[in-house]
Each structure stands twice: as structure tokens, then as C-alpha cells.
Amino acid sequence: MSIISAKKLAYEYIRRDKDGAVDGIVRALDDIDLDIKQGDFVAILGHNGSGKSTLAKHMNAILYPSEGTIWVDGKNSLEPENMWDIRKTTGMVFQNPDNQIIGTVVEEDVAFGPENIGIPSKEIWERVEESLKIVGMYAYRTHAPGKLSGGQKQRVAIAGVVAMHPKCIVLDEPTAMLDPIGRKEVIRAVRALNDVENITVILITHYMEEVIYANKVYVMDAGKVVMEGTPREVFSHTDELESIRLSVPQTTKLADELRKAGVPMPKGILSPEEFAEALCRLSSTM
Amino acid sequence: MLRDITLGQYYPTDSVLHRLDPRVKLLGTIVFLLSLFLFQNFTGYIIATVFLVSMILLSRVPFSFMVRGLKAVVILLAITVLINLFATPGIPLVSFWKFTITKEGIRSAAFMMLRLIYLIIGSSIMTLTTTPKNLTDGMEKSLSPLSKIKVPVHEIAMMMSIALSFIPILLEETDKIMKAQMARGADFESGNLFKRIKNMVPLLVPLFISAFRRANDLALAMEARCYQGGNGRTKMKPLKYHLRDLAAYLILALYLAATIVLPRIPALKL
């Protein structure tokens, strides 16, 4: 069953000069077709300005399509009465961890969402405990968010979304402002959500290493989906990716260069382990 | 440097006062502050002192923390005392050069000083024993009848608690911008007052821009988490009165009665 689907989705915003006259119309999203199934781990890749964040905001009824339609759990976002249902269905985690924390204590921040949708107090406590445990932040429940590291703050933000029991979570570059350790923590938490809780995850990123866990990748450029498929399929097109200023993971790149130099490495290698395996196979046949 | 500023100076420990409902503490503080202005003789002050000392002991907050709040008003305190001391007409006691100290002057100076000190310690007991979140919750709940006459009580409380939680973030940001500007030769420390204010402009402009950006992001994040105002909202930690809160209200009523009645009994007039 598809949780999010879009047909001919387009979004335009009008750029005005300083007198307020129309300066030009920017088509941030252009003719997007999407189909995301319940339980999927989808990655959306793209360079800055490719429209990936604009697309994310359509999944949570923060922005509405100028043309075309997007359905979230079968509900058309253009119908105003569906707005709160859509926001309950898809949770959203943003880039800057400081700007999405509302509470002064971790557990109060996680409770903010459930409080908004009118969950009884007793159940809020259960949900807060459960979701903090999923992201591994239960030990910090009484801490002040300001004192946590970036990765920890971002996990608290994820817990805040999980506590609303969404079917789907959209993460808009959740790791862009984090150090490598924080990035690892967040990605681990996100994968646990998908594997254990079976929540649909839509990860928007420009870090290639984070994409390899996805089972479907959409690559965006200039408001269009230019490529889709499994990470292996997408990363076997190194040249096309580089033409839209995206780089492939380092191991994939190395295998590619080797192939160009005449070593028969297979296409679409994603991890160092795979790389080593392929190399061993090669040396045994030679 | 800027991080030294503490606002909503909560002192985390476990005491009866910490566990009291914030509404009780709010009303208690107001009653105490009002009572300080009700009485004119020493009997009243004795009652207030007994009440304040027992609250200090109950709060289990080190006394030095409470005195800290007084430092900020030392000058104000000194001026008030001096004016009261010299400017009150009455029976002269000591007189030198152009100044005369009267009996009434000593009395009203002492009263004024005690009044101010009690005022500050009394209100700091509340902020020391209540988390900012609890405080705004308490305000929201006690002012909620006002929402019937279209006062946006929930919104005000929400704004206050968000403002409080953003103070450290903005302070950190100010520090960062300041250092960045200093690295490029900005001077925030020398020159006269006007020059210094002028030098603050390159600090304030980026700070305001970033504050607006943050506010925008936060509003988006709140909306994405289904925030739609106070209607239909539940609370993780709803305020509920316990037996100790009722007891506290009773003590408060007794205190108020005592401060009104006792100083008016002629035998107790001091």
C-alpha cells in the first residue's frame, strides 16, 4: 500500500523585486511523480536548490502544490480538512536541532506533539518513555536540551515525532549540521525506526554514505526527479551523478576508477566490505 | 562572558516548596509582597520575618543564593535608606552641617530597608524553587478565567516559555557574533557611551536577522508537530492540587489574617 504518492506535482513561487513587482516565477518542483510504500526507507538526494526540501514540505501539508496532487495515506493535501490528519500521519524532522526544540526539559519537548493532538496525560508518559528508548535518549529525559550535543538534540527531535505515532517520518537533512559522530547516531536511530518500528522513512540528504541503507533512492535536480532506483542502480551511474554536482560514495568512486583503468570491478559497489569481497574474488580468478 | 547571566535562577533540589503547586507559590508571593505594605509597625515585621525565615528554611536553598539577588539593588537600597534617613521630618536626634537625623527618619529608613530586602528575598524564593516551565504553567492556569474575555492567556504563557528557552541560545549566538566581529577588528570595549552604542550595530543586525530566522524555523517545526493553539491541548504534567497545596493555602490565609489583625491590637503595638 502506498503511503505517499504524487502525480504531476509542481510548485512555483513568485520572486519579487524590492518594489514588490513580479521578478520571475521559479519552478521549484516540476512534474514530480512519486510512489512510496508503507515501510519503505526512501532517500531523496539532490544538490542545494534542487527542490528536495520543497518536496519534503509537501509531504506534511506545510506547502501545497501549485499543480498536480500529492496524497498522504490516501488523503489529498489540497483539501483543507485533511491538513491535521496529514500532519499526524507524517512527522517531520528539520535540519537545525536548536530551532525545533520547544521544551525546556527533554521529556517535555518529546511530549509537545502528543499534547497538541490531545493525548491523555497517562498515555503521553508512556509514549515519551517508549520513543526516548527507541532513539536511545531515555537516560537524558530530565536533561536540559541546551546542554546536549547536536546528535543528541536531533535524536530528541526524532523522538518528539515518534511520540505522535506517525506512519511516516520525513527527515529534511537531519545530519547537515552535525559532526561525524552525531551523524552516525542519528542514522542509527533512523534505521532502527524503519527496521524495528516499521515506520516509513524519507531521508533527504546530500551525504551519499547515508543513502546506501535506503531501499529506494530518488535523485533530484532543478526541481525534477532525474533518477530513481535502488542505491546500487543509482550509484552505478557515476558520471550522470557527477554532472549534477553529486558525488558517489568513496568506495564506489574507487571501484569506478579501477574499472576505467582496466580492472574488471563490478558496477554499483556500495560499502568497503563489498569492495574487499569483489577484490578477493578478482584475485582468485586471476 | 555573557553566559554568566542567569535568568529564572532555578535552584534544583527537593523540598516541600519545590513540590508545591506553582499557583500556590504565585499567590503566596503576591500575598507576601502585599502584606509588606500593609503594616506600619514592628509587630507586622516580626510576623513577616518569622514567615520569611521559615520559608527560607523550608526551601532548603542556601541562603547565599538568595542574598545574591540583593547585590543588584545595593545602590538603590542605599539611596532609599539615605533619603528616608535625612528627609523625614520629626524630632531631631543628631544634627550636623545641613543634615538632621530624626527619630522618625531612623524608623522609616529601617522599615524601608527591611521592606525592600524582604521584597527581593520573598520573590526570589519563588523563582529559586520553581522551574520556568512550571511558573508559566502556573500563570496560564491561574489566569485562565481571563481567556473568557478574549485575553490570549495560553499564547502569552507559550510565548514566555519559548522566550525563556531561547535566552541561552541567543546569548551563545551573541557571543559567537561578537567574537567573529572582534576577529575582524570590531571594538566593543573602548570609547565613550555613544561610540560604544554605535559599535553595537554590527552586532545587533546579524543577531536580529538570526533571531527572526530561528523564530520562523521554530514556528514551522511547531506547526509540523500539529500545534494549533491551546484548544484541545492536553498536558503531560497537568497541574493538580495535592493535600500539601491545600495546607499551604491555609497557612497563607492564617498569615494574611495575622498580618492584618495582630498589628492592630493595641497591646501588641510596637
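This report describes the two chains of a predicted model, beginning with each chain as a whole and then turning to one helix and several single residues.

The model is predicted, and local features therefore need pLDDT of at least 70, side-chain atom pairs count only at pLDDT 80 or more, and totals for chains, interfaces and linings use all residues. Residues are numbered from 1 along each chain as its sequence is written, chains are lettered from A and ligands numbered from 1 in the order in which they are written, and side-chain values use heavy atoms, with hydrogens and water left out.

## The chains as wholes

Chain A contains 11 helices and 10 strands, where helices (H or I, at least four residues) and strands (E, at least two) are DSSP runs numbered from the N terminus. Its radius of gyration is 21 Å, close to the 19 Å that the globule rule gives for 286 residues, so chain A is as compact as a globular protein of that length; the radius is taken over C-alpha atoms, and the rule is 2.2 Å times the number of residues to the power 0.38. Chain B has 11 helices and 2 strands, and the order of these elements along the sequence is α-α-α-α-α-β-β-α-α-α-α-α-α. For chain B the radius of gyration is 24 Å, whereas a compact globule of 270 residues would have a value near 18 Å. Along the principal axes, the C-alpha trace of chain A spans about 65 × 55 × 40 Å, and the C-alpha atoms of chain B fill a box of roughly 65 × 55 × 40 Å.

The table sets out further totals. Buried means under 20% relative accessible area, exposed over 50%, and partly exposed in between (1.4 Å probe, protein chains only); accessible areas come from the Shrake-Rupley method with a 1.4 Å probe, and for residues only the protein chains shown count as cover.

| Chain | Buried residues | Exposed area | Share of that area from carbon and sulfur |
|---|---|---|---|
| Chain A | 53% of 286 residues | about 12,700 Å² | 52% |
| Chain B | 37% of 270 residues | about 16,300 Å² | 72% |

Of the contacts with a separation of 6 or more, residues 24 or more positions apart account for 63% in chain A and for 73% in chain B, a contact being heavy atoms within 4.5 Å. As for charge, the mean positions of the 33 positive and 42 negative charges of chain A are 1 Å apart, while those of the 31 positive and 15 negative charges of chain B are 7 Å apart. In this count Lys and Arg are positive and Asp and Glu negative, with His and the chain ends not counted, and each charge is placed at NZ of Lys, CZ of Arg, CG of Asp or CD of Glu.

## Helix α2 and two residues of chain B

Helix α2 of chain B covers residues 22-38, and its 17 residues should span 24 Å at 1.5 Å a residue, which agrees with the 24 Å between its end C-alpha atoms; the expected span is 1.5 Å times one less than the number of residues. Its buried residues include P22(B), V24(B), L26(B), F32(B) and L36(B), and charged side chains are represented among them by R23(B) and K25(B). The buried residues of α2(B) pack against α1 (16-19), α3 (42-59), α6 (103-129), α7 (132-143) and α11 (243-261) of chain B.

One of these partners, helix α6 of chain B, holds I121(B), which counts as buried at 4% relative accessibility. Apart from neighbours within four places in sequence, I121(B) is in contact with L52(B), I56(B), M66(B) and L70(B), and its C-alpha atom is separated by 9.4 Å from that of R68(B), 53 residues away along the chain.

G229(B), by contrast, is found in the loop between α10 (201-224) and α11 of chain B, and counts as buried at 14% relative accessibility. With neighbours within four places in sequence left aside, G229(B) contacts H154(B) and E155(B), and the C-alpha atoms of G229(B) and M139(B), 90 residues apart along the chain, are separated by 16 Å.

## Three residues of chain A

T69(A) belongs to strand β4 (residues 67-72) and counts as buried at 17% relative accessibility. Not counting residues up to four places away in sequence, T69(A) touches S5(A), A6(A), K7(A), L9(A) and N76(A).

Two loop residues have a positive phi although neither is glycine. E173(A), with phi near 45 degrees, lies between β7 (168-172) and α6 (180-196) of chain A and counts as buried at 8% relative accessibility. A222(A), with phi near 50 degrees, lies between β9 (216-221) and β10 (224-229) of chain A and is exposed, with a relative accessible area of 55%.
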